[in-house]
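Subject: Structure for your review

Dear colleague,

Please find below the structure I would like to hand over to you. My findings follow it, and I would be grateful if you could read them alongside the model.

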Amino acid sequence: MAEQAARLLLLTAALGLAWGSQGDREPVYRDCVLRCEERNCSGDALKHFRSLQPIYMSLAGWTCRDDCKYECMWVTVGLYLQEGHRVPQFHGKWPFSRFLFIQEPASAVASLLNGLASLVMLCRYRASVPASSPMYHTCMAFAWVSLNAWFWSTVFHTRDTDLTEKMDYFCASAVILYSVYLCCVRTVGLRYPSVASAFGALLLLLLTVHISYLSLIRFDYGYNMMANVAIGLVNLAWWLAWCLRNHRHLPHTRRCVVVVLLLQGLSLLELLDFPPLFWVLDAHAIWHISTIPVHILFFRFLEDDSLYLLKESEAKFKLA
């Protein structure tokens with residue numbers, strides 16, 4: 001659930017990516033990039049650049065043009081600061097100090113830690129919940145979908161390319177839709193499996209259409225953001241309504257309520273859009289860091305709920 005909330009308040013980033021940013025529109029930046037490419041990115045100069053480039057940089061796909069953009073970004077930032085202006089964004093992003101080949105170090109590390117938290121809780125869930133629990137396979141699938149999303153989030157923040165950006169967005173959308181399916185199975189599907197199956201097929205169709213449109217027709221950041229906001233709010237409202245309705249006889253639902261409220265509150269961090277502290281730590285990275293314990297809480301809820309359902313199903317079997 002944590003990854004889905006990151007998409008609810010990314011208005012600035014989405015619009016910046018769609019229409020460019022102040023920094024990359026600056027003539028000084030564009031002229032700097034053009035001169036740098038003419039000087040370093042062709043002929044013998046390009047061979048010299050490649051001979052000096054560390055192997056890890058080339059393996060990560062950093063090109064001569066990318067290096068020119070990176071160096072000219074800092075030239076432009078320096079001029080802005082000298083004139084007393086606010087630090088500009090470039091291509092929809094704040095300027096980050098690169099560490100080795102990692103483009104956004106804090107967000108990349110935070111995404112990795114979120115993924116590790118998901119993996120640890122997946123292993124804990126598998127060890128403590130028998131496969132005979134009614135929600136076992138659905139919860140396990142959700143854990144793998146979440147783990148995949150955090151993997152691509154880590155890759156994207158490590159190296160922002162067209163492919164890694166799309167995989168990050170698409171996998172995040174998959175987490176949101178699967179969380180809706182998880183909620184549907186828990187609230188409706190255990191009594192009416194055919195309803196859950198039909199709803200799951202509908203969600204899969206929606207994801208396919210969503211990805212196809214963004215991949216084959218137009219990568220519309222505004223549409224992608226609004227679609228994720230709509231589904232994400234439905235998901236959070238559905239979980240919250242079910243938890244509040246059942247909290248008296250299902251005390252473990254309190255953890256789910258805390259997760260929902262935390263995600264709503266922590267998402268406000270995205271509104272605190274500011275230049276990175278020490279050119280590393282921005283609001284998005286802080287948000288990623290803050291969601292790490294949320295995974296633990298939500299998987300603890302899934303674990304307790306699955307064990308409750310197992311106990312309930314065993315009791316019904318004995319009565320039968």
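In this predicted model, helix α12 contributes Leu233, Leu236, Trp239, Leu240, Trp242, Cys243, Leu244 and Asn246 to a contact with α13, where the partners are Thr253, Cys256, Val257, Val260, Leu263 and Gln264. By class, these residues comprise eleven nonpolar, three polar and no charged. The axes of α12 and α13 come within 9 Å and cross at roughly 145°, and the crossing is left-handed.

Both helices also take part in the largest nonpolar core. This core has 39 residues, and those with the most contacts inside it are Tyr125, Phe142, Leu182, Trp239, Phe298, Phe301 and Leu302. At least two of its residues come from each of α8 (105–128), α9 (136–158), α10 (162–189), α12 (221–246), α13 (253–266) and α15 (292–319). Helix α9 provides the largest share, eight residues. Apart from this core lies another, of 14 residues, which includes Tyr29, Cys32, Cys36 and Phe49.

Phe301 merits a separate remark. When residues up to four places away in sequence are not counted, Phe301 touches Trp239, Trp242, His252, Thr253, Arg255 and Cys256. Of these, Trp239 and Trp242 belong to the α12 side of the contact described above, and Thr253 and Cys256 to the α13 side.

A second helix pair is formed by α4 (residues 27–40) and α7 (residues 64–82), whose axes come within 9 Å and cross at roughly 145°. Here the crossing is right-handed. On α4 the contact involves Val28, Tyr29, Cys32, Val33, Cys36, Glu37 and Asn40, and on α7 it involves Cys64, Arg65, Cys68, Lys69, Cys72, Met73, Thr76 and Leu79. The contact of α4 with α7 has ten nonpolar, two polar and three charged residues. Tyr29, Cys32 and Cys36, listed on the α4 side, are among the residues of the 14-residue core.

Finally, I draw your attention to aspartate 66, which is found in helix α7. Aspartate 66 counts as buried because its relative accessibility is 19%, the cut-off being under 20%. Its side chain is joined to that of arginine 159 by a polar contact of 2.6 Å. Leaving aside neighbours within four places in sequence, aspartate 66 is in contact with Gly61 and Arg159.

With kind regards

Methods: Residues numbered from 1 in each chain as written. Predicted model: local features only at pLDDT ≥ 70, side-chain atom pairs only at ≥ 80, totals over all residues. Heavy atoms only, no water. Axes fitted to C-alpha atoms, helices over the stretch in contact; angles between N-to-C directions. Helix = DSSP H or I, 4+ residues; strand = E, 2+ residues; numbered from the N terminus. Left-handed = near helix turned anticlockwise from the far one by under 90°. Contact = heavy atoms within 4.5 Å. Nonpolar A, V, L, I, M, F, W, Y, C, P; charged D, E, K, R; others polar. Core = buried A, V, L, I, M, F, W, Y, C linked by side-chain atoms within 4.5 Å. Buried < 20%, exposed > 50% of the residue type's maximum accessible area, 1.4 Å probe, protein only. Polar contact = N/O pair within 3.5 Å; in protein donor to acceptor, adjacent residues only side chain to side chain.
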